[in-house]
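I opened my notebook and pulled up a new structure to look around. Here is what I looked up, in the order I went.

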Amino acid sequence: MSIDPVAIARTGLDVEWQRMQVIAQNLANENTTRVVGGGGYRPLRLRSGPATAFSQMVAAGAVVAEPTGTQVLGVAVDPVGYRSVHDPRHPDADRAGNVYYPAIDHAEQMALLVKTARAYEANLTVLSLAQQMTMRALDLGKA
């Protein structure tokens, strides 16, 4: 059994890149009152998990499959509600003068962005180290 760290790191890069895209979309729509299809913007959350389920990798106490990285399981609507701001002059204000924005926690999104960037960097480091090890092995083979 051989585990391919490059392939695993590549799947991690893909997932973290997509997570950054979702976070950026949430931050960009933090003050959006309505979307093209009608209604308000609903924050999104990227769901990810292992590409191979743990139960498939281990059967009856023996390892039967190697880990293959991670994958995006889907993008789900975050169940947070809306925050209300009293602004009677806003074109989307209701009869009471309240405007409803998505309840996106800016600090939480930024913390998730930093965490995602660190995971992305860790996967880049794995790729770099794998390349260095391959080059070193080739150098040793020349001698």
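How much space lies in the largest pocket? I noted about 160 Å³, and I kept in mind that this is a predicted model.

Next I looked up the lining. There are 13 residues around the largest pocket, and Glu16, Arg19, Leu112, Lys115 and Thr116 are the closest to its centre. I then sorted the lining by kind: 6 residues are nonpolar, 3 are polar and 4 are charged. At least two lining residues come from each of α1 (5-28), β1 (44-50) and α3 (106-142).

I turned to helix α1. Does its length agree with what its residue count suggests, or what span should I expect? The 24 residues of α1, at 1.5 Å a residue, should span 34 Å, and I found its end C-alpha atoms 34 Å apart, which agrees. At the start of α1, I saw that a side-chain oxygen of Asp4 comes within 3.2 Å of the backbone nitrogen of Val6.

Which residues of α1 are buried? My list reads Ala9, Gly12, Leu13, Val15, Glu16, Arg19, Met20, Val22, Ile23 and Asn26. I was happy to meet Glu16 and Arg19 again, since they are also among the residues closest to the pocket centre. The buried residues of α1 pack against β1, β4 (70-77) and α3.

Last, I picked Asn26, which sits in helix α1. Its relative accessibility is 1%, under the 20% cut-off, so Asn26 counts as buried. Setting aside neighbours within four places in sequence, I found Asn26 in contact with Tyr41, Pro43, Leu44, Ile104 and Gln109.

Notes. Residues numbered from 1 in each chain as written. Predicted model: local features only at pLDDT ≥ 70, side-chain atom pairs only at ≥ 80, totals over all residues. Heavy atoms only, no water. 1 Å grid on protein atoms, 1.4 Å probe; cavity = no way out; pocket = protein on both sides within 12 Å on 5 of 7 lines; lining within 4 Å. Points joined across faces, edges and corners; volume = space filled by probe spheres on them. Helix = DSSP H or I, 4+ residues; strand = E, 2+ residues; numbered from the N terminus. Nonpolar A, V, L, I, M, F, W, Y, C, P; charged D, E, K, R; others polar. Expected span 1.5 Å × (residues − 1). Buried < 20%, exposed > 50% of the residue type's maximum accessible area, 1.4 Å probe, protein only. Contact = heavy atoms within 4.5 Å. Polar contact = N/O pair within 3.5 Å; in protein donor to acceptor, adjacent residues only side chain to side chain.
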